[in-house]
Number of protein chains: 2
Amino acid sequence: MDKRIRCSELESKIVSAEEAALLVKDGMVVGASGFTPAGYPKAVPLAIAERAENGEKLGITLITGASVGDELDGALARAGVVRKRYPYQTNKSMRDSINAGEIAYADMHLSHVPQWIKYGYFGNIDVAIVEAVAITEDGGIVPSTSIGNSNVLVDMADVVIVEINTSQPESLEGIHDIYSPANPPHRKPIPVLNPEDRIGTTYIPCDPEKIKAIVYSDITDKTRGVTPIDEDSKKVSKFIIDFLKDEIKAGRMPEKLLPLQSGVGSVANAILGGLCESDFENLNIYSEVLQDSVLDLIDCGKVDVASATSLTISPERLDDFYENFDKYRDKIILRPQEISNNPEVIRRLGVIAMNTAIEFDIYGNVNSTNVNGVRMMNGIGGSGDFARNAYLTIFITMSTAKNGTLSSVVPFVKHVDHTEHDVHVVVTEQGIADLRGLSPKEKAITIIENCVHPDFKEELMEYYENSLKESSHLHTPHDLSKVFAKKEAAKAD
Amino acid sequence: MDKRIRCSELESKIVSAEEAALLVKDGMVVGASGFTPAGYPKAVPLAIAERAENGEKLGITLITGASVGDELDGALARAGVVRKRYPYQTNKSMRDSINAGEIAYADMHLSHVPQWIKYGYFGNIDVAIVEAVAITEDGGIVPSTSIGNSNVLVDMADVVIVEINTSQPESLEGIHDIYSPANPPHRKPIPVLNPEDRIGTTYIPCDPEKIKAIVYSDITDKTRGVTPIDEDSKKVSKFIIDFLKDEIKAGRMPEKLLPLQSGVGSVANAILGGLCESDFENLNIYSEVLQDSVLDLIDCGKVDVASATSLTISPERLDDFYENFDKYRDKIILRPQEISNNPEVIRRLGVIAMNTAIEFDIYGNVNSTNVNGVRMMNGIGGSGDFARNAYLTIFITMSTAKNGTLSSVVPFVKHVDHTEHDVHVVVTEQGIADLRGLSPKEKAITIIENCVHPDFKEELMEYYENSLKESSHLHTPHDLSKVFAKKEAAKAD
């Protein structure tokens, strides 16, 4: 027997992906592992998609941790298998189907999902499909490169399918820390007092009886490549680092800062990467996703510990990462998203939250999800979990979009994901605006002066000044008849 | 010596309100007690206002717990003393000055304020003015009918002024529970595991050296009267009670429910009041404000414990309340707003949050603050603290405004305070819409069918159906060129 399956009574459950896929039936609610394309099941979803492509009527509700790779979201969306989708996605086929109105997608705070599963708000979870690197003697499931909602899905599902992925090294065992709070009124404090605190098990406890199929797979995580760090990202990174230094000088931040959270993508990666050249030492990360830059920060000795729920290393960096895994092992902790994104822990630790926006407005409201207010990009993800509860909340966007033809700072965002009440600091490659304690009018002036591209400054200042003249009230002056007036804007893409 | 001042070294600090007021100087940051007009200082603010009215140049930043009465917000606003105001207000003069653009007001989540004070985000706190019923042997300040930010303001201020209010009975001593978490990275779990848990002291610890003036006052709290419960409020209350009963049946809620939070005002009061005629038993309240209806619920034996940061009993009910105080004493706990509104505690306890909206839109976004998007009403208050972190989040509004001429359900709210990601259930006197797990399009249909007044159903359905045709994308269909098109809407009021 493969030492990846250490529970002898489960040997008989090893089946083909096709056979396992038959456990999923039309109308079911299916939960899957996977967070920001890492650690998602691949072989079984492909086999499910194939059934539908062969003409079988098959529609499911799909709940994951966050975004997953093309073998899951892409294949199932193209095969028309997904009727409802929670809580986050980044796959092109999935996004297209959502924007075509074919898939009912609900875009949720990631920290809300595990408790919604446990409260029963999604109904019964029929099947959980979880990628793993091993199964312990007692049936415990050792996750691969992410945890997400896997522990909660396994706990609540009637049936569990495990995909043992041999492309994911067994050496990952030990970096996970699985813990789940009870539901109210029995919930106790979550005992994470520092980013490095371990409070649970290294595997997802599971009654072996529930595991109805085990499938082998060797399909690799389709993580995204990281684009080279461009000049604009470097500028943003420098603005933030200088700002944090000033916070230390003002006595508002400890010398070693507070735990850092950074969103996903190339800009977020670049911002963290910029810390390599800073004077900061002994930094901690308390985030949802660890990208390449965190490895750089560990390499250069800047980071003592990095906690998240997903490890999404670029394809270019992956071999090197696993070859030198011993260097990183003790510095990385993966937690369920119920803990990584938990408001209790985020507020207690005093996280510095840095997330990207599609656009923000002159009063500090942020659109993170819908281009032009109607085209769903990805979703809010964990940005709201961190932004609302962080010690310091920073939103980042480049000042223009569409090759400089559109301003990313606007009079009124076309979709609000983070309200003025939740946004402390906004940054573009033009500059940084500290909004803390400012009234709306003071925010408008500061944002226009510091963050807007020169091509659009005049236009925005004109809107603001005209609103001061036209608005019936002067706390948050607006001339709302103008903000969405251009029909073409809503139709553009 | 009056037994209200039990610290002998403080006897010499008793001065007139006029003398105490001189401690406040032009340009200072002044913190004051008071939350949802209860427990705010009165005599000293009136004396400060008088100085300005006599021609003295005097401008301050004013930070309170939440809204305060006319002797503070009203008098100071009319005298032109307030330059900046945080974090919430309901006073007519204050509101008028804010909407006239004369006072820079920042509308904040109430749970954020105490930590902002402690982080230094507001700068140095020069003076704290705190209403009290007594001072202990060691200088500890026993608050009156609210705590709000008083403990944090006293801790951070250079100078403390205490207003001993003899209209507030000494018997209030003992109902307070003062506790404040450390700043990150030293913050520990807050040990409130049940609404009745007491974790701190019954007074605000204070070095007697810091108390520079003690003033006697007998001016009563100017709490608001409670209007009789009308038929529409009764309908809303019944919709919510029936909904909660169904949640119990579905196994999603314990028989005795989970701790209840209810916003401020007549509708909120009516909703809680409706529970008197329900079958529920042994209810708990974990809220920010306790109004008359909580006394009714204690009277009828429905509520075991009620925790909040303010006790705002209507003038009509106040004498009876104090006469029968022994009946209520053991069932009421007042906490700092840092604890009553803390996301950690709210999520742990699994609070059922019920807050009122000005308007909500067909996709479930809520406007709580700005009429027509530009006229500041009060502020977000604690609604965001509770809505984001509650077990169940309910928003309530009557389906029409302006004598039935305007729909409170609109295509796109003119100001967003609570996003679609934060709103589980919306209710009007027309009906209730359970939005949990729905996609935006499903939300639109459910809201229009259940919550909209018959006079406006057709219009909203037409907007929605037209958007389905016109929108370039169909996840959250919108025709944004139409939503704010009417110029008069922005100018109306």
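Here is a short walk through a predicted model of two protein chains, A and B, starting where they touch and then moving to some side-chain pairs.

Let us begin at the interface. Chain A brings 87 residues to the contact and chain B brings 88 residues. The size of an interface is often given as the accessible area lost when the parts come together. For chain A and chain B, that buried area is about 7500 Å², with carbon and sulfur atoms giving 54% of it. On the side of chain A, the residues that lose the most area to chain B are A:R347, A:R388 and A:H421, and together they make up 11% of what that side buries.

What holds charge against charge here can be followed residue by residue. Six salt bridges are found across the interface of chain A and chain B. One of the residues just named, A:R388, forms a salt bridge with B:D422, and their closest N and O atoms are 3.9 Å apart. The interface of the two chains also has 32 residue pairs in polar contact, both residues being at pLDDT 80 or more. Helix α13 of chain A (residues 343–349) gives the most to the side that touches chain B, namely five residues. Sorted by class, that side of chain A has 34 nonpolar, 29 polar and 24 charged residues.

Next, look for the aromatic rings. Over all chains, the structure holds 26 aromatic pairs. In one of them, B:F321 and B:F325 meet edge-to-face, 5.4 Å centre to centre and with 90° between the planes. Both B:F321 and B:F325 are buried. Another place to visit is an aromatic cluster formed by A:Y86, A:W116, A:Y119, A:Y121, A:F122 and B:Y391.

Finally, turn to the salt bridges over all chains, which number 66. In helix α7 of chain A (residues 231–249), A:K238 and A:D242 lie four residues apart, about one turn of the helix, and they form a salt bridge with the closest N and O atoms 2.7 Å apart. Chain B offers a salt bridge between B:K92 and B:D96, at 2.6 Å between the closest N and O atoms. These two residues are four apart in helix α4 (residues 92–99) of chain B, so about one helical turn separates them. B:K92 is exposed, with a relative accessible area of 57%, while B:D96 is partly exposed at 37%.

A further salt bridge joins B:D320 and B:R317 (3.6 Å, N to O). Here B:D320 is partly exposed at 33% relative accessible area, whereas B:R317 is buried at 14%. In chain A, a network of salt bridges links A:D296, A:D299, A:R317, A:D320 and A:K327.

Key
Residues are numbered from 1 along each chain as its sequence is written. Chains are lettered from A and ligands numbered from 1 in the order in which they are written. This is a predicted model: local features need pLDDT of at least 70, side-chain atom pairs count only at pLDDT 80 or more; totals for chains, interfaces and linings use all residues. Side-chain values use heavy atoms; hydrogens and water are left out. Contact means heavy atoms within 4.5 Å. Buried area is the accessible area (1.4 Å probe) that two parts lose on being put together, summed over both. A salt bridge is a side-chain nitrogen of Lys or Arg within 4 Å of a carboxyl oxygen of Asp or Glu. A polar contact is a pair of N or O atoms within 3.5 Å; within protein, one must be able to donate a hydrogen and the other to accept it, and residues adjacent in sequence count only if both atoms are side-chain atoms. Ala, Val, Leu, Ile, Met, Phe, Trp, Tyr, Cys and Pro count as nonpolar, Asp, Glu, Lys and Arg as charged, and the others, Gly among them, as polar. Rings of Phe, Tyr and Trp (its six-membered ring) pair if their centres lie within 6.5 Å; planes under 30 degrees apart count as stacked, over 60 as edge-to-face and the rest as tilted. Buried means under 20% relative accessible area, exposed over 50%, partly exposed in between (1.4 Å probe, protein chains only).
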